[in-house]
Amino acid sequence: MAALIWLIGGIVLVAAEILSGDFFLLMLGIGALTAALAEVLFGNTLISLGVFAVSSIGLVTFARPWFKARFHGAIVPDNVQALIGGKATALSRVDDSGGQVKLNGEVWSARSFDDKQVIEPGTSVTVMEITGATAIVWAEPV
């Protein structure tokens, strides 16, 4: 009877993985299926519980990161996140109250990252963050 419960639980978890796509439920489902096998082989619920715990923890710790990297690929920054860390050129004076920079061929409103820093036109700056439509920039001290 306990093996049947492990089996049904494992199948439900593996099926639920289809909805999540994060490989977590799949690892738990495989752990439950191994626990079902252990229950059939040994007939001891404590051993089955131990097999479930060890196999699930092992799969989540070691197999899941590999599956995620293999099937989901690298996370590619897009939109605003891709601009952070990029280089821009100050078009006007940039300080804590505002200014403009040219970033990826476009003119952006900008503020200095350091409230005390004043960036002169023509200075190369690094984009530290994007807040709304304003680039928060920082220039290396000369």
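**Helix packing, a salt-bridge network and a barrel**

Let me begin with the helices, where α2 passes α3 in a right-handed crossing. Before I go further, please keep in mind that this is a predicted model, and that what I describe is computed from its coordinates.

The two helices α2 and α3 pack at an angle of about 150°, with their axes 7 Å apart. Since angles over 145 degrees count as roughly antiparallel, α2 and α3 are therefore roughly antiparallel to each other. As for the residues that make this contact, α2 contributes, among others, Phe-24, Met-27, Leu-28, Ile-30 and Phe-42, together with small side chains including Ala-32, Ala-35 and Ala-38, and also Gly-31. From α3 the contributors include Ile-47, Val-51, Phe-52, Leu-59, Val-60 and Phe-67, and Arg-64 is one of them as well.

Arg-64 leads me to the charged residues. How many salt bridges are there in this model? The count comes to 2. In one of these, the side chains of Asp-22 and Arg-64 meet with N and O 2.6 Å apart. Asp-22 lies in the loop between α1, residues 2-20, and α2, residues 24-42, whereas Arg-64 lies in helix α3, residues 45-72, so the pair ties together parts that are 42 residues apart in sequence. In the other, Lys-68 forms a salt bridge with Asp-22, and here the closest N and O atoms are 3.2 Å apart. This pair, too, links distant parts of the chain, with Lys-68 in helix α3 and Asp-22 in the loop between α1 and α2, 46 residues apart. Taken together, Asp-22, Arg-64 and Lys-68 are linked in a network of salt bridges.

Which of these residues are buried, and which are partly exposed? Arg-64 has a relative accessibility of 18% and counts as buried, because the cut-off for buried is under 20%. Asp-22 is partly exposed, with a relative accessible area of 29%, and Lys-68 is also partly exposed, with a relative accessible area of 29%.

I turn now to the strands. What do the 5 strands close into, and in which order do they stand? They close into a barrel in the order β1-β2-β3-β5-β4, and the pairing is mixed. Neighbouring strands of this sheet are turned by 55° against each other on average, if direction is ignored.

Going through the pairs in turn, strand β1, residues 87-90, and β2 pair in the antiparallel sense over 2 bridges, and Ala-90 stands opposite Val-101 in β2. Strand β2, residues 100-103, in turn pairs with strand β3, residues 106-112, again in the antiparallel sense, over 4 bridges. The hairpin of β2 and β3 has 2 residues between the strands, and within this hairpin Asn-104 takes a positive phi near 55°.

One residue of β2 deserves a moment on its own, namely Lys-102. Lys-102 stands opposite Val-107 in β3, and if we leave aside the neighbours within four places in sequence, Lys-102 is in contact with Ala-88, Thr-89 and Leu-91. Lys-102 and Leu-91 are 11 residues apart in sequence, and their C-alpha atoms are 6.5 Å apart in space. At 42% relative accessibility, Lys-102 counts as partly exposed.

In which sense do β3 and β5 run, parallel or antiparallel? The strands β3 and β5, the latter comprising residues 134-138, run parallel and are joined by 4 bridges. Along this pairing, Ser-109 stands opposite Thr-134 in β5, and Ser-112 stands opposite Val-137 in β5.

On the β4 side, strand β4, residues 124-131, and β5 pair in the antiparallel sense over 5 bridges, and here the bridge partner of Glu-129 is Ile-136 in β5. The hairpin of β4 and β5 also has 2 residues between the strands, and in this case Gly-132 takes a positive phi near 65°. As for solvent exposure, β5 is mostly covered, with 4 of its 5 residues buried.

To draw this together, we have α2 and α3 packed in a roughly antiparallel arrangement, a network of salt bridges that links Asp-22, Arg-64 and Lys-68, and 5 strands that close into a barrel with mixed pairing.

Conventions
Residues numbered from 1 in each chain as written. Predicted model: local features only at pLDDT ≥ 70, side-chain atom pairs only at ≥ 80, totals over all residues. Heavy atoms only, no water. Pairing = 2+ DSSP bridges. Salt bridge = Lys/Arg side-chain N within 4 Å of Asp/Glu carboxyl O. Buried < 20%, exposed > 50% of the residue type's maximum accessible area, 1.4 Å probe, protein only. Axes fitted to C-alpha atoms, helices over the stretch in contact; angles between N-to-C directions. Parallel < 35°, antiparallel > 145°, perpendicular 65-115°, else oblique. Left-handed = near helix turned anticlockwise from the far one by under 90°. Contact = heavy atoms within 4.5 Å.
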